[in-house]
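The following exercises concern a single protein model. Each task sentence is followed by a solution that goes step by step.

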Amino acid sequence: MSEPGRFPEPPVVIVGGLHADARRAAVARLLADVPGSVVLHHDLATAAAGTVVRTVRDATGILAAGEAPLVNDCACCALREDLVPELVRLAEAGGTPLAVVELWDSVEPKAMAEVVTAGGFTVAGVVTAVDPALVLPYLGNGDDLAEGGLAAAATDQRTVADTFARQLEYASVLALAESLPGSPEADDEDRELLAQLHPTARRVPIGHGNPAGAPPAGPDLARAALAGFDVEAAAAAQHPACALLPAEADAHGVATLVWHRNRPFHPERLYAALEDLTCAAARSRGRFWLAGKGDTLLHWDAAGGALCVESAGPWLASLPDAAWELVPPVRRAAAALDWHPEHGDRCQHLVFTSPGLDRDGLERLLESCLLTDAEYAAGQAAWERLPPAFDTLLEV
């Protein structure tokens with residue numbers, strides 16, 4: 001690899017998303033709006049043959065093609081190894097005002113943005129291309145990626161729903177491609193669901209039939225995509241300890257419930273309610289506090305009728321004062337917002353978003369899983385003796 005600074009590095013825009021037609025439409029729009037831009041794409045569908053096919057193209061067609069061998073039987077690992085050297089070659093050739101990295105279907109942008117940044121390039125923007133009419137069907141799809149030929153490695157155990165949710169929630173820009181051939185028409189509920197799932201993203205309509213009243217397709221996507229992207233801040237916004245979660249909302253038949261409490265869950269009652277809680281919303285996520293595990297911040301991540309619960313490290317209140325110096329400022333700031341004089345940052349902060357959300361029923365169910373007044377008053381020593389219902393789930 002060339003030494004940093006020896007050549008002008010083009011800004012990099014990453015475009016991803018499981019909605020392949022929408023992704024291709026977004027890439028085509030960027031090529032049209034930024035003359036001379038080049039698209040780098042690794043096709044992981046050829047992984048069964050032992051290689052990943054790489055193409056480099058501009059608005060006129062393919063400029064170069066090649067193959068990269070799998071790394072540890074992993075197509076996504078091959079992409080990681082091959083991406084930066086290819087960007088270096090583009091930069092050394094010169095004359096490229098914008099390098100667009102078009103990710104293959106199930107590749108998640110977070111890992112690739114971090115690879116690009118570590119390679120010395122500037123990620124100017126991360127775009128997830130979306131067909132709004134398909135948001136709810138994809139969030140409800142609990143099938144394994146492997147079942148649809150979308151796995152990025154032999155050991156890939158992700159589902160369509162959780163992969164799509166992470167693609168959606170990481171991006172700074174959502175490129176909305178409506179009325180694509182063969183796709184149903186999006187309605188206000190579809191657009192509202194998208195807006196509530198990621199309210200801070202800039203939503204930009206692109207070609208292929210914008211809805212009535214929407215701004216026409218044009219250079220808006222390029223301007224949004226080149227507005228700048230902070231990889232560290234984006235990672236922090238996804239971390240359960242300081243995640244930038246959606247706010248309360250209720251419009252067009254879609255609602256978001258933000259549930260915040262300063263009392264731990266009873267492990268057995270919460271475990272018994274997991275299926276109902278997981279199926280109560282199209283998407284739910286956040287952090288929670290379990291009695292008997294007062295040192296461990298637990299991550300809640302649900303989509304497609306499936307729930308992932310895992311440890312996300314310690315609550316800051318469980319750390320010695322000297323360790324706070326090692327904690328990133330954004331984490332300390334997030335803890336300060338939730339700080340309780342007795343429990344510190346330990347809390348329940350869960351967010352549920354869905355069409356037709358039964359807010360009252362969901363709140364009652366969540367409240368029933370908390371410690372009762374008597375259980376709470378018994379104190380930490382008693383909480384430690386509660387049945388360890390989550391140990392199997394957490395693989396303790």
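**Exercise 1. Locate His 252 and Asn 72, and state the sign of phi at each.**

Step 1. His 252 sits in the loop that connects strand E9 (249-251) with E10; helices (H or I, at least four residues) and strands (E, at least two) are DSSP runs numbered from the N terminus. The model is a predicted one, in which local features need pLDDT of at least 70 and side-chain atom pairs count only at pLDDT 80 or more, while totals for chains, interfaces and linings use all residues. Residues are numbered from 1 along each chain as its sequence is written, and side-chain values use heavy atoms, with hydrogens and water left out.

Step 2. Although His 252 is not a glycine, its phi is positive, at about 50°.

Step 3. Asn 72 belongs to the loop between strand E4 (61-69) and H2. Its phi is also positive, near 55°, and Asn 72 is likewise a residue other than glycine.

Step 4. For context, most residues other than glycine have a negative phi.

Step 5. Asn 72 has a relative accessible area of 73% and is therefore exposed; the classes are buried (under 20% relative accessible area), exposed (over 50%) and partly exposed (in between), with a 1.4 Å probe and protein chains only.

**Exercise 2. Describe the surroundings of Gly 36.**

Step 1. Gly 36 is placed in the loop between helix H1 (20-33) and E2.

Step 2. With 47% relative accessibility, Gly 36 is classed as partly exposed.

Step 3. When neighbours within four places in sequence are set aside, Gly 36 is in contact (heavy atoms within 4.5 Å) with Gly 95, Thr 96 and Pro 97.

Step 4. Val 56 lies 20 residues from Gly 36 along the chain, and their C-alpha atoms are separated by 12 Å.

**Exercise 3. Is His 42 buried or exposed, and to which side chain does a polar contact join it?**

Step 1. His 42 is part of strand E2 (residues 38-43).

Step 2. Its relative accessible area is 2%, so His 42 is buried.

Step 3. The side chains of His 42 and Asp 82 are joined by a polar contact of 2.7 Å. Such a contact is a pair of N or O atoms within 3.5 Å; within protein, one must be able to donate a hydrogen and the other to accept it, and residues adjacent in sequence count only if both atoms are side-chain atoms.

Step 4. Not counting residues up to four places away in sequence, the residues that His 42 touches include Val 52, Leu 79, Glu 102 and Trp 104.

**Exercise 4. Characterise the environment of Leu 257.**

Step 1. Leu 257 lies in strand E10 (residues 254-261), and at 2% relative accessibility it counts as buried.

Step 2. Apart from neighbours within four places in sequence, its contacts include Glu 248, Phe 352, Arg 359 and Glu 363.

Step 3. Leu 257 and Glu 363 are 106 residues apart in sequence, yet 8.6 Å apart in space, C-alpha to C-alpha.

**Exercise 5. Which residues of the largest nonpolar core touch the most other members?**

Step 1. A nonpolar core is a set of buried Ala, Val, Leu, Ile, Met, Phe, Trp, Tyr and Cys residues joined through side-chain atoms within 4.5 Å.

Step 2. The largest nonpolar core has 59 residues, and Ile 14, Leu 83 and Leu 87 touch the most other members. Helix H2 (residues 75-93) contributes the most to this core, with 10 residues.

Step 3. Another core, of 25 residues, lies apart from it, with Val 13, Ala 22, Val 27 and Val 204 among its members.

**Exercise 6. Which element supplies the largest share of the lining of the largest pocket?**

Step 1. On a 1 Å grid over the protein atoms alone, a pocket is an open set of points where a 1.4 Å probe fits, with protein on both sides within 12 Å along at least five of seven lines; lining residues have an atom within 4 Å of a point.

Step 2. The largest pocket is lined by 40 residues, and Glu 108, Arg 158, Asp 162, Arg 166 and Asp 301 lie nearest its centre.

Step 3. H5 supplies the largest share of this lining, five residues.

Step 4. In H5 (160-170), 10 of the 11 residues are buried, so the helix is largely enclosed by the rest of the structure.
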